[in-house]
Amino acid sequence: MKKKAILCGLMLLAALLLAACGGTGGEKVAAGGENTIRFTEGGAEISGSGLARSGSVVTISKPGSYTVSGKTLDGQLVVDVPGEGVELELMLDGVSITNLSGPAIHIETGKDLKLRFRGENSLTSGTPVMTPDGSSSGAALYAE
């Protein structure tokens, strides 16, 4: 009887730990229409806060969750979120970004970046970018 009580207690503890680790409690997941970036052949459509667009270059400047989709043959996503302990989540949702003059996604500043993927995603770079240490990188996703 005592062994059954201990076993039941351990199973209950394991179930509670698994429930606490599963799910999305505490994680920021972008809901439809909040912070969205949709690349197009002519540029990009943005919606939400912390976003700026110049042609087909989109810059994220505030913490939060962002969903990125669409296709561009000459675009870039720049992440420039200053500060320590910044939480940022990018959901790449069927996106295709080509940038022949540098990385498709350039993470200049920001901490604790979470990348999530949905569907088929493609990042293509062209010319290598010079790194702070003087070397070069041809990475499609580049973080300083």
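Here are three short exercises, with worked solutions, on this predicted model.

**Exercise 1. Take stock of the chain**

Find how many helices and strands the chain has, and how they follow one another along the sequence.

*Solution.* Start with the count: the chain has one helix and 13 strands. Next, read along the sequence: the pattern is α-β-β-β-β-β-β-β-β-β-β-β-β-β.

**Exercise 2. Look at burial, contacts and surface**

Work out what share of the residues is buried, what share of the contacts joins residues at least 24 apart, and what the accessible surface comes to.

*Solution.* Begin with burial, where the cut-off is under 20% relative accessible area. By that rule, 33% of the 144 residues count as buried. Now turn to contacts between residues at least 6 apart in sequence: 57% of these join residues at least 24 apart. Finally, the accessible surface of the chain is about 8400 Å², and carbon and sulfur atoms hold 57% of that surface.

**Exercise 3. Trace the open sheet**

Give the strand order of the five-stranded open sheet, and explain why strand 3 and strand 13 each have one side without a neighbour in the sheet.

*Solution.* First, write down the order, 3-4-6-8-13, and note that the pairing is mixed. Then look at the edges: strand 3 (51–54) and strand 13 (141–143) stand there with a single partner strand each, so one side of each has no neighbour in the sheet. Direction ignored, neighbouring strands of this sheet are turned by 15° against each other on average.

Now zoom in on one pair. Strand 3 and strand 4 (residues 57–60) run antiparallel and are joined by four bridges. To place one bridge on the structure, find S54: its bridge partner in strand 4 is V57.

Technical notes: Residues are numbered from 1 along each chain as its sequence is written. This is a predicted model: local features need pLDDT of at least 70, side-chain atom pairs count only at pLDDT 80 or more; totals for chains, interfaces and linings use all residues. Side-chain values use heavy atoms; hydrogens and water are left out. Helices (H or I, at least four residues) and strands (E, at least two) are DSSP runs, numbered from the N terminus. Buried means under 20% relative accessible area, exposed over 50%, partly exposed in between (1.4 Å probe, protein chains only). Contact means heavy atoms within 4.5 Å. Accessible areas come from the Shrake-Rupley method with a 1.4 Å probe; for residues, only the protein chains shown count as cover. Two strands pair if DSSP finds at least two bridges between them. Axes are lines fitted to C-alpha atoms, for helices over the stretch in contact, and angles run from 0 to 180 degrees between N-to-C directions.
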